[in-house]
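Visitor: Could you walk me through this structure, one question at a time? I would like to see the reasoning behind each reply.

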Amino acid sequence: MKLLRKIFQSLIFIVTVLAAIFLIASAFSDRISPNLSPACTFLGLSFPFILALNILFLFGWIIAWKWTKIAIPLAAIFFSLGAVKSYFPVNIAQANPPEESIKILTYNVMQFEHQRQHTEKNPNPILKYIIDSEADIVCVQEYGAQDSNNHLSNKTIRQALKKYPHQRVQKLKWINKEETYGLAIFSKFPILSFENMDFESLYNGAFIAELDIDGERLTLINCHLESSKLSMEDRHEYANIISEFNPEKFDEFTWKMMDKLTPAYKLRAKQAEEIASKIAQNNNKYIVVCGDFNDTPVSYVRHTISKKLEDAFANSGFGLGTTYNRNNFYFRIDYIMHSSNIKSYKTRVDKILNSDHYPVSSYLQLLD
């Protein structure tokens with residue numbers, strides 16, 4: 001009996017060491033481009049699960065009173081604290097934003113929930129949310145409108161958001177010429193310039209706008225990076241596997257998804273590098289990057305874009321901050337980033353279920 005217990009403890013110890021190694025590897029996997037090693041991308045995607053496993057081992061060894069073995073998961077978690085903070089920030093006691101701060105909102109609106117019409121009696125819920133948000137700057141991804149009687153029109157959107165006198169829409173390479181699809185900005189501050197970033201993509205893109213914020217020039221990049229291109233069948237299959245948790249099916253599905261997702265990861269990496277290059281070339285004092293990155297807090301995309309920026313949610317948010325809300329893909333993939341001379345306050349994710357993304361807002365104070 002003692003022998004069996006020793007063998008069992010030895011196996012648990014080996015798994016503990018492996019879990020610790022994998023946690024540190026996953027925490028730093030975002031430094032490696034998917035174009036060099038796609039496996040590192042999936043290692044970063046697994047970070048929260050590997051972290052949970054290490055926490056489980058930590059408490060297990062504490063309960064077993066094996067104090068020398070506690071150091072293994074504890075050390076792994078310590079060396080991964082940067083990634084832990086990105087994934088699950090704990091900012092409890094926060095000051096109220098100063099009066100001079102501005103509120104920015106970023107929202108993937110799913111074509112205003114597929115171009116639902118907006119009237120005074122039956123307002124489009126996404127447009128109503130934006131109107132009620134009291135945001136000073138609104139960045140929209142998956143803007144969608146169609147000038148017909150049966151769809152939400154560009155004119156209706158402009159009129160509904162008339163409190164934002166400065167509006168620009170970037171139309172992407174949509175195959176239907178009658179439809180407007182892309183990204184947009186609605187601002188209470190003047191837009192001094194507007195430049196499209198041309199990605200090799202039909203449905204994804206970015207633009208750079210220069211804003212006049214009470215005499216200060218601010219560069220704002222709104223982006224919607226390459227989508228994963230998962231079909232509804234793929235999403236339902238994933239949801240069923242998660243609910244049933246069949247290890248054999250899960251393993252088979254994982255390899256299938258690796259083949260399917262890798263091209264999108266590689267495209268996103270290239271797009272993130274283009275945005276990082278624009279950030280490096282920026283001559284204005286202040287810069288904000290926001291939008292749907294389609295990638296998690298431990299990813300090459302987020303790491304590349306945020307090298308010279310701060311993550312508003314990591315600095316002034318709380319919890320997981322999940323922004324995608326469908327098919328059991330519960331991750332934070334929408335971000336507000338800003339230069340270090342900007343301070344964020346009360347960054348939050350509103351659980352509004354009108355789109356497959358939740359909106360993210362933050363109060364930003366421009367520092368001297």
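Visitor: Let's begin with charged pairs. How many salt bridges are there, counting a Lys or Arg side-chain nitrogen within 4 Å of a carboxyl oxygen of Asp or Glu?

Guide: Happy to help, and please keep in mind that this is a predicted model. One of the pairs is Glu-113 with Arg-116, whose side chains meet at 2.5 Å, N to O. With that 4 Å rule, the count of salt bridges comes to twelve.

Visitor: Is Glu-113 buried, partly exposed or exposed?

Guide: Buried means under 20% relative accessible area and exposed means over 50%, with partly exposed in between. Glu-113 has a relative accessible area of 22%, so this residue is partly exposed. Its partner in the salt bridge is Arg-116. At 37% relative accessibility, Arg-116 falls in that middle range too, and Glu-113 at 22% is likewise partly exposed.

Visitor: Which residue forms a salt bridge with Glu-210?

Guide: Glu-210 is buried, because its relative accessible area is 15%. The partner, at 45% relative accessibility, counts as partly exposed. The closest N and O atoms of the pair are 3.0 Å apart, and the residue that meets Glu-210 is Arg-217.

Visitor: And for the pair of Asp-350 and Arg-348, what is the N to O distance?

Guide: Asp-350 is at 13% relative accessibility and so counts as buried. Arg-348 is at 48%, which makes this residue partly exposed. Their side chains meet in a salt bridge with an N to O distance of 2.7 Å.

Visitor: Which residues are linked in a network of salt bridges?

Guide: Here the salt bridges join up into a network. Its members are Arg-302, Asp-311 and Arg-332.

Visitor: Let's turn to the nonpolar interior. Which strand gives the largest share of the largest nonpolar core?

Guide: The largest nonpolar core has 28 residues, and Ile-104, Ile-137, Ile-185, Leu-211, Leu-218 and Leu-220 touch the most other members. Four residues, the largest share of this core, come from residues 205-213, which form strand β6.

Visitor: Which residues does Leu-211 touch, leaving out those up to four places away in sequence?

Guide: Leu-211 is among the members of the largest core that touch the most others. Its contacts include Ser-187, Pro-190, Glu-216 and Arg-217. The rest of the list is Ile-137, Ile-185, Ile-191, Leu-192, Leu-218 and Leu-220.

Visitor: How many residues are in the second core?

Guide: This core is separate from the largest one. Among its members are Ala-20, Leu-58, Tyr-324 and Phe-331, and the number of residues is 22.

Visitor: How far apart are the end C-alpha atoms of helix α4?

Guide: Helix α4 covers residues 67-79, and Ile-70, Pro-73, Ala-76 and Ile-77 in this helix are buried. At 1.5 Å a residue, its 13 residues should span 18 Å, because the expected span uses one less than the number of residues. The model agrees with that, with end C-alpha atoms that are 19 Å apart.

Visitor: Now the surface. What is the accessible area of the nonpolar patch that holds Ile-14 and Leu-18?

Guide: Ile-14 lies in helix α1, residues 2-27, and Leu-18 is in helix α1 as well. Ile-14 is partly exposed because its relative accessibility is 47%, and Leu-18 is partly exposed at 43%. Leu-4, Ile-7, Leu-11, Phe-13, Ile-21 and Phe-22 belong to the patch too, and together with Ile-14 and Leu-18 they have an accessible area of about 760 Å².

Visitor: Is Glu-226 buried or exposed?

Guide: Glu-226 lies in the loop between β7 and α9. Leaving aside neighbours within four places in sequence, its contacts include Ser-201, Asn-204, Arg-268 and Asn-294. Its relative accessibility is 5%, so Glu-226 counts as buried.

Visitor: What is phi of Asn-294?

Guide: Most residues other than glycine have a negative phi. Asn-294, in the loop between β8 and α11, is buried at 15% relative accessibility. Its phi is positive, near 55 degrees.

Visitor: And phi of Phe-112?

Guide: Phe-112 is found in helix α6, residues 110-115. With a relative accessible area of 0%, Phe-112 is buried. Its phi is also a positive value, near 50 degrees.

Definitions and conventions. Residues numbered from 1 in each chain as written. Predicted model: local features only at pLDDT ≥ 70, side-chain atom pairs only at ≥ 80, totals over all residues. Heavy atoms only, no water. Core = buried A, V, L, I, M, F, W, Y, C linked by side-chain atoms within 4.5 Å. Buried < 20%, exposed > 50% of the residue type's maximum accessible area, 1.4 Å probe, protein only. Helix = DSSP H or I, 4+ residues; strand = E, 2+ residues; numbered from the N terminus. Contact = heavy atoms within 4.5 Å. Patch = residues over 30% accessible without salt bridge, like charges linked within 9 Å, V, L, I, M, F, W, Y side chains within 5 Å. Areas by Shrake-Rupley, 256 points an atom, 1.4 Å probe, with all protein chains shown as cover.
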